[in-house]
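Please open the model in your viewer and keep the selection tool at hand. The stops below are meant to be taken in order, with a pause at each one to look around.

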Amino acid sequence: MVVSVLSEKFSSILQSAVENTEYSIVITTGDLAPPGPLIVYVNAAFTRKTGYASEEVFHSSPRILQGPATEPDVLARMKAALRKGDSFEGCTWNYTKDGKPYQVEWTVTPLCVEGEGVDYFVSVQRDVTAQHQSYEKLKSETGRLNALLQSTGANTDAITGAHNHRGMLLRLQELIDDAATSHPAVGVVVLKLAGINRVDQVFGIDAVNQLLRVVAERLRSQLKVKETLARSHEHSFTVLIPVGVGAMVEVNRYLMARAQTLIAAIADESIDISGEVLHIDVGAGIARSPVDGRDCQKLTTLADEAAQRATRADANLVCWADHATAATQLEQIRLEDKLLRAITQREIVVFYQPIMDLDRNEVIGAEALARWPQPEGHSTIGPDRFIPLAEALGLIDQLGMQVFEDACQQLKCWQEGAGNAAFWVSVNVAPAQLRDPRLAERFAAITQSIGVSPESMKLEITESALEHGLEEVIEVIDKLITAGFPLALDDFGTGHSSLRRLIEIPFSILKADKCFVSQLPDGRGAAVVSSLSQLSSHLSIDALGEGVETAAHEAFLRDCNYRYAQGFYYAKPMPAAEFAAWSGWLAASM
């Protein structure tokens with residue numbers, strides 16, 4: 001009886017502690033396969049932080065907390081640990097009910113209650129947004145302080161004792177000026193350390209500073225007379241090397257040998273940091289004066305760009321300065337800034353390419369395609385260039401939502417014309433968008449506000465989107481289907497997804513890629529196009545051939561019972577007003 005009373009009292013204490021802690025606590029089912037894990041309990045701290053009531057999240061996936069800034073690699077590591085039955089500790093970004101991001105540190109522990117196997121996962125979460133903001137503020141203030149010190153004449157890096165960037169440029173100018181009398185050439189060797197950000201994340205900034213001091217000492221021990229060591233950037237060192245030999249072949253051979261010696265000094269031996277043994281990879285870049293110029297800033301930039309290329313290739317590689325690369329990177333920087341402004345100011349426009357119904361011999365729909373108009377006299381920037389760039393810059397979600405909204409508004413105008421009620425528009429959904437658990441909710445809100453049916457907005461998903469992070473993607477796709485959006489599988493046959501995905505996901509259209517259609521009627525692609533028709537027929541999915549450019553292409557698709565066709569044979573993508581005029585029967589409401 002006493003034991004029972006104590007047990008009840010302990011349970012009451014435990015429940016009170018869980019409910020009153022400042023940390024969010026979430027308990028889910030132990031099933032990692034979709035639709036699991038599902039939330040079975042949240043405490044009061046969770047509801048205060050996220051804005052979700054407990055009944056709103058009950059039997060929902062924790063993925064409702066994810067958003068564009070949630071790191072997929074962190075989630076992948078968590079799942080890998082949980083599948084092995086291990087606990088997990090990590091840090092990522094979550095989102096409140098109203099879409100506000102916050103950074104969270106959390107632990108997830110498997111819990112076995114009813115015997116063998118994992119019955120539940122218990123997650124304890126701590127909001128560390130304030131610490132993140134403080135750290136970013138500290139880094140910013142440190143950067144401003146370093147800039148101030150350099151502007152006031154300080155030439156030495158406070159952490160390593162080497163020259164700082166300003167001191168390096170002054171010393172390099174001296175060496176170039178003296179080249180005519182004491183040495184025929186000057187080498188600039190930039191050594192870029194790889195993986196330092198991971199050291200920062202795991203061990204902190206003090207460990208990074210310790211590592212930088214060790215690297216500086218190793219490099220200093222290898223310096224020859226008149227050579228100069230500098231910490232040129234946050235995770236880079238530069239060695240200035242006056243070269244006494246004459247012929248350029250000898251200069252190149254000498255500088256390559258020096259670069260390899262400096263790399264070995266860093267990489268050949270491990271570094272002990274906070275009791276952990278670390279191996280640091282290095283990429284080296286070399287620029288030479290006078291061959292690559294006499295301007296100090298240009299020389300160091302060329303060497304830094306070469307080192308950056310080296311870090312993206314094999315470990316401990318040496319690359320030479322490349323003026324073409326420098327020009328290309330400058331052009332890329334300008335393009336990135338230009339694209340950011342274009343998306344922010346909604347300069348990206350939507351063109352429409354007709355989709356033909358081969359059974360009815362008429363236009364039945366259109367694909368909405370993003371286009372970036374350029375001023376007269378400027379080169380065209382195609383979607384094959386700016387779409388991947390938007391993805392790399394994290395702008396694809398914003399761009400995708402703009403295209404979807406513009407397409408909905410245009411569809412609304414067209415459907416108001418007599419006889420156009422069944423007309424539909426398809427819109428491409430980027431793989432990154434399919435990782436947003438609120439995508440269906442956002443799309444549905446747009447269609448509702450504009451007044452178009454989700455059934456009239458077909459969403460095109462590329463086959464490659466089904467190759468990575470599939471559990472999260474399937475959950476988002478399920479929500480899109482529930483919201484009423486038809487799905488089209490784009491570029492089918494070009495990726496590596498299994499046919500099982502085609503069976504599991506209720507696609508309404510299967511698009512045969514233009515790389516196969518272009519080989520019709522006699523090329524090897526004809527067999528693929530024919531097979532896809534049979535496959536789609538057995539699965540009760542309409543088949544669409546894209547890239548139709550000739551009457552022979554269209555005839556082959558008709559013979560294979562393709563329902564739809566699309567391509568230059570009918571029309572190129574065009575602005576909405578031109579599309580309306582081309583179609584002849586659509587109301588040209590603009």
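The tour goes from the whole chain to a cavity, and then to single residues.

**The whole chain**

Begin with everything selected, and keep in mind that this is a predicted model. In cartoon view, the protein chain shows 20 helices and 20 strands, and of its 590 residues 46% are buried. If you switch on the surface, you are looking at about 29100 Å² of exposed area, of which carbon and sulfur atoms supply 53%. How much of the contact between residues at least 6 apart in sequence joins residues at least 24 apart? For the protein chain that share is 62%.

**The largest cavity**

Where is empty space left inside? Rolling a probe the size of a water molecule over the atoms shows where such space remains. A search of the whole structure finds three cavities of 30 Å³ or more, and the largest cavity holds about 360 Å³ of space. To centre your view on the largest cavity, select Pro62, Gln66, Met78, Trp106 and Val108, which are the closest to its centre among the 21 residues that line it.

Next, colour β1 (24–29), α4 (72–83), β4 (101–111) and β5 (120–127), the elements that each give two or more residues to the lining of the largest cavity. Which of the elements gives the most to this lining? It is α4, with four residues. If you colour the lining of the largest cavity by residue type, you should find 12 nonpolar, six polar and three charged residues.

**Two buried residues**

Now select asparagine 164, in the loop between α5 (129–151) and α6 (165–178). Is asparagine 164 buried or exposed? Its relative accessibility is 7%, so asparagine 164 counts as buried, the cut-off being under 20%. Show its side chain, and look for the polar atom that lies 2.8 Å from the backbone nitrogen of glycine 167.

Move on to valine 282, which is in strand β11 (residues 282–289). Valine 282 has a relative accessible area of 2%, and therefore it is buried as well. Add leucine 191 to the selection: the two residues are 91 apart in sequence, while their C-alpha atoms are 6.3 Å apart in space.

**Two cis peptide bonds**

Most residues other than glycine have a negative phi, and most peptide bonds are trans. The remaining stops can be viewed with that in mind.

Select serine 289 and proline 290, which are joined by a cis peptide bond with omega of about 15 degrees. Proline 290 is in the loop between β11 and α10 (296–312). Then go to leucine 520 and proline 521, where the peptide bond is also cis, with omega near 0 degrees. Here proline 521 is found in the loop between α17 (514–517) and α18 (525–538).

**Two residues with positive phi**

Select serine 540, in the loop between α18 and β19 (542–546). Although serine 540 is not a glycine, it has a positive phi of about 60 degrees. Its relative accessible area is 67%, so serine 540 is exposed, the cut-off being over 50%.

End at asparagine 561, in the loop between α19 (551–559) and β20 (564–566). Phi of asparagine 561 is near 65 degrees, again a positive value in a residue other than glycine, and at 66% relative accessibility asparagine 561 counts as exposed.

Notes: Residues are numbered from 1 along each chain as its sequence is written. This is a predicted model: local features need pLDDT of at least 70, side-chain atom pairs count only at pLDDT 80 or more; totals for chains, interfaces and linings use all residues. Side-chain values use heavy atoms; hydrogens and water are left out. On a 1 Å grid over the protein atoms alone, a cavity is a set of points where a 1.4 Å probe fits but cannot get out, and a pocket is an open set with protein on both sides within 12 Å along at least five of seven lines; lining residues have an atom within 4 Å of a point. Grid points are joined across faces, edges and corners, and a volume is the space filled by probe spheres set on the points. Ala, Val, Leu, Ile, Met, Phe, Trp, Tyr, Cys and Pro count as nonpolar, Asp, Glu, Lys and Arg as charged, and the others, Gly among them, as polar. Buried means under 20% relative accessible area, exposed over 50%, partly exposed in between (1.4 Å probe, protein chains only). Contact means heavy atoms within 4.5 Å. Accessible areas come from the Shrake-Rupley method with a 1.4 Å probe; for residues, only the protein chains shown count as cover. A polar contact is a pair of N or O atoms within 3.5 Å; within protein, one must be able to donate a hydrogen and the other to accept it, and residues adjacent in sequence count only if both atoms are side-chain atoms.
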